[in-house]
Amino acid sequence: MHNLVDVGPLQFVHVLDMSTNITRLEVGPKKVVLKYNETLAMGPLNLIIVPPGKYCKVKNPLKKYEAGKQCELNHGHVDVRLNQDPFPLYPGEILQGAEKYGIDQFGYSDAIKKLPIVRANQAIRLRSRVDGTIDGVDRKAGDLWQLDGPLTYRPNPDAEVQGTIDAEVIGINQAIRLRATQDLVTRSGEKKSAGEEWLEKKVGSYLPGVYEEVVEQVPAYNLTTDEGLHIKAVHNCTDAMKKQRKAGEMWLVTGEQVNSYIPEIGELVVEPVRKTVLQRGQYCVVSNPVDEDGICQLGSERLWKGVATFFLHPGESIKIDPRSESGIQEQFVLGSDESLVLQANCDFKDNSSGGKAVSRQSGDRWMIKGPRCFIPPIELDIVDQGDGQLLRKAFPLAENEGIYVRNLQTGKVKVIMGPLSYLLTEHEQLWKKELPDVVEKILRNGGGYGEGDIRKLAYFESSIDAEFSGDRPRDKTRVVRYRCPHNTAVQVYKYQEKVGRVVFGPDMAILGPHEDFNVLSLSAGKPKRENALQTICLMLGPDYITDIIEVETADHARLRIKLAFNNFFEFDRGDEDVEKAIFSVPDFIGFACRQVGSRIRGAVSRAKFDEFHKHSMKLLQAAVFGTTSDGVLKSKLKFAANNLVITNVDIQSVEPVDQTMKDSLLKSVQMAIEIATNSVERTASHEAARKDQEARGHLERQRLVNQKESERARSVLYELRALTSAVESTGQAKAEAQAQAEKLLIEGKSSIEEATLRQEAENISHSTELEIQTLLRNAEIAYRTDQSKLEISKKQQMADIEVSKFQSMVSSIGSDVIADIAKAGPEAKVKLLQGLGIETTLITDGNSPINLFQTSEGLIAGGSK
């Protein structure tokens with residue numbers, strides 16, 4: 001029937017009365033008969049079952065249900081239902097999470113949720129949705145609170161879950177930094193204002209409060225005895241040592257004070273520092289030292305000497321020595337030939353000498369000598385010797401070695417030359433002699449340098465000084481010296497007195513403090529180029545100069561002549577004026593080439609090309625050297641300006657400058673060569689034809705001779721063939737018989753040799769086996785003999801050990817003690833029996849029976865007596 005609804009167990013239906021518009025609830029098991037004015041509004045549906053540990057929420061819960069009456073719903077409210085008996089949904093109630101349950105949804109599993117489980121070291125944060133009392137506490141809408149685990153949270157419809165938080169784990173030497181988001185009271189009962197920060201250092205887990213924000217986890221600085229921290233106060237605070245600090249104040253925390261340090265709020269770790277360790281013989285100067293009150297003494301200095309250890313306080317710094325670029329310095333260890341020059345920078349009492357204190361005034365300078373160790377006080381400075389070296393050593397100067405020394409009181413500079421050992425005084429200092437860059441380069445190259453292929457550079461290879469070798473700079477305090485090459489001259493100019501002197505090779509030129517080399521800029525190359533060679537040496541000769549000049553003949557033929565001429569300087573040594581005259585012309589090579597070239601060009605311009613081509617050498621020599629009044633050719637040309645002498649002009653090559661003329665000359669030369677070549681070729685071909693005919697005649701004659709000899713040899717061959725056939729027919733049988741006999745003989749000999757060898761092999765085998773057996777027996781006998789000897793030796797040594805042991809025991813205990821030990825047992829027994837009053841004693845072990853039947857009578861009889 002369509003008006004009969006079968007409601008099973010754990011099911012319910014909603015029936016709508018259309019006349020009153022009231023919906024009633026029917027819960028099975030039952031059969032519901034619908035009236036004519038009733039209709040099935042929803043169902044049949046399963047009852048809501050909430051398992052243990054779960055819950056569901058019902059929207060718009062019913063206040064009170066009365067069947068057949070209009071009931072009131074709490075609209076907008078939510079009812080939380082936990083584990084209970086299965087229950088239905090009243091009309092108008094909605095299951096949160098399954099809002100369409102019964103309409104187009106027949107399951108409600110999405111509405112059943114697990115109860116929130118808060119584990120240990122966790123908390124659940126809640127927020128009040130409305131004003132009211134929640135869990136016995138009055139709450140305002142928006143209030144936050146949390147419940148610490150472990151627990152199972154039963155949801156409240158007026159509280160909203162914000163989430164769960166985990167506890168922060170604080171390890172050893174750790175802390176967490178917390179910030180208050182509003183005014184609160186911590187778990188320890190301390191009041192905190194909004195925005196205030198603090199540290200939580202208690203080891204273990206820490207659950208931040210609802211208004212506590214974890215800023216960061218702060219690790220501790222683990223400090224050893226050699227480590228420390230520079231701390232700065234960001235604002236007024238109390239440090240970890242419970243000491244009040246002002247904003248900007250800085251202080252030192254070391255490992256000797258605490259093993260680990262966690263900066264408090266308001267403290268900033270500027271930098272970690274390590275303990276400065278000064279070993280024996282070391283020292284350092286600390287700038288801006290901190291006094292006992294912790295105040296930085298700006299501008300002051302403090303000297304620390306080893307052995308010592310200390311920490312640098314904030315603001316302190318170790319003074320860096322600009323020479324060594326290090327703060328920790330080694331003490332000065334002065335040898336017997338070493339010293340230090342000291343200068344006072346303020347007035348003080350000097351106790352460094354170890355004797356009576358000496359009053360020093362600012363600017364005083366004095367010297368201390370070794371042997372001793374010295375650490376300079378902060379009241380004085382060490383004066384270097386002029387080359388940056390503080391420790392002054394005696395300079396060992398060999399022969400031709402020297403140094404420049406300046407007297408600081410007079411300002412004069414002098415040269416100290418060896419051989420000697422020289423120690424600077426307190427008012428002396430090394431002086432650096434500066435040389436022009438061109439002179440430096442000339443000395444580094446042995447006396448001269450230039451570009452291109454310059455032959456005269458070979459003069460300077462032997463004069464390269466080891467002091468200028470490599471890339472190391474020149475020691476400017478050392479005397480500048482130069483060994484002049486053989487047959488050269490070097491001019492040294494003293495610019496203060498405006499005088500010069502000449503040094504001839506192979507002597508050594510040594511510069512004084514106010515002297516310089518005279519640099520010569522010579523022409524070089526082919527053709528000559530001015531200033532191509534820079535040198536300080538003047539080559540005295542004999543030498544030669546090569547140059548290329550261009551000339552023009554009377555018939556306008558332009559020629560390029562390569563010539564060479566010998567040269568030397570003619571002067572008397574010892575005359576200073578004459579010696580200086582050879583340097584009067586700075587470029588003697590260019591001067592000579594210009595003079596010779598002008599003379600040659602003038603002579604060639606008056607001669608025609610053919611004349612010059614035929615008499616070029618004579619023409620050039622006459623032009624250069626000239627002739628006497630008698631027409632005799634002179635042998636040399638001397639320049640009075642510098643006493644340079646030119647001899648023996650030689651023409652090395654002549655070629656036209658004009659290319660057309662050069663090609664014509666080349667063509668004529670080629671034609672002459674071709675004519676000569678053709679003549680030689682024809683003569684050679686005629687001679688070859690003659691020799692060919694002679695060779696053919698000799699060849700034909702030899703062929704006839706060879707043919708004759710061939711016929712004679714052929715006749716001899718036929719005779720030999722006949723003889724061979726006869727021998728072959730008669731000797732075959734004989735050869736076979738001889739071969740058979742030889743075969744049998746060889747087989748017999750082989751059998752005999754085989755039997756002999758076999759017998760020898762057996763003899764060798766038997767003798768070898770016998771030797772092996774003999775060796776084995778001998779080895780076994782020797783082994784057993786050695787073993788027996790070892791056993792006898794062992795027994796003998798053991799016996800000796802026992803004897804020595806017994807003797808040692810007897811000697812250590814003593815014969816009297818051993819006698820007493822032997823008597824001690826019987827005497828003790830006698831004393832024991834005497835103590836018991838026993839006069840007669842019989843001791844038996846039971847193996848020898850004794851008749852005791854009559855013994856009693858004797859004992860009784862003895863008693864009666």
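Buried here means under 20% relative accessible area. Keep that cut-off in mind for the close-ups below, which come from a predicted model.

**View 1. His230, tucked into strand E25.** The strand spans residues 227-233. His230 has a relative accessibility of just 5%, so it counts as buried. Its side chain reaches the backbone oxygen of Leu312 at 2.5 Å. Leaving aside residues up to four places away in sequence, His230 touches Trp251, Leu252, Leu268, Val269, Val270, Glu271, Val273, Leu312, His313 and Pro314. So Leu312 turns up both as a contact and as the owner of that backbone oxygen.

**View 2. A nonpolar patch on the surface.** Met809, Ile813, Val817, Ile818 and Ile821 make up this one, with about 420 Å² of accessible area together. Helix H6 (659-813) and helix H7 (815-836) each give two or more residues to the patch. H7 has the largest share, three residues. Zoom in on Ile818, which lies in H7: at 37% relative accessible area, Ile818 is partly exposed.

**View 3. Cys484 and Cys537, a pair that doesn't bond.** The sulfur of Cys484 has its closest cysteine sulfur in Cys537, 5.9 Å away. A disulfide needs the two sulfur atoms within 2.5 Å, so this pair is too far apart for a bond. Cys484 is buried, with 2% relative accessible area.

**View 4. Cys373, with its closest cysteine sulfur 18 Å away.** That sulfur belongs to Cys284, and it's too far for a bond. Cys373 is partly exposed, at 44% relative accessible area. The disulfide count for the model comes to zero.

Technical notes. Residues are numbered from 1 along each chain as its sequence is written. This is a predicted model: local features need pLDDT of at least 70, side-chain atom pairs count only at pLDDT 80 or more; totals for chains, interfaces and linings use all residues. Side-chain values use heavy atoms; hydrogens and water are left out. Patches are made of residues with over 30% relative accessible area and no salt bridge: like charges are joined within 9 Å, nonpolar side chains (Val, Leu, Ile, Met, Phe, Trp, Tyr) within 5 Å. Accessible areas come from the Shrake-Rupley method with a 1.4 Å probe; for residues, only the protein chains shown count as cover. A salt bridge is a side-chain nitrogen of Lys or Arg within 4 Å of a carboxyl oxygen of Asp or Glu. Helices (H or I, at least four residues) and strands (E, at least two) are DSSP runs, numbered from the N terminus. Buried means under 20% relative accessible area, exposed over 50%, partly exposed in between (1.4 Å probe, protein chains only). A polar contact is a pair of N or O atoms within 3.5 Å; within protein, one must be able to donate a hydrogen and the other to accept it, and residues adjacent in sequence count only if both atoms are side-chain atoms. Contact means heavy atoms within 4.5 Å.
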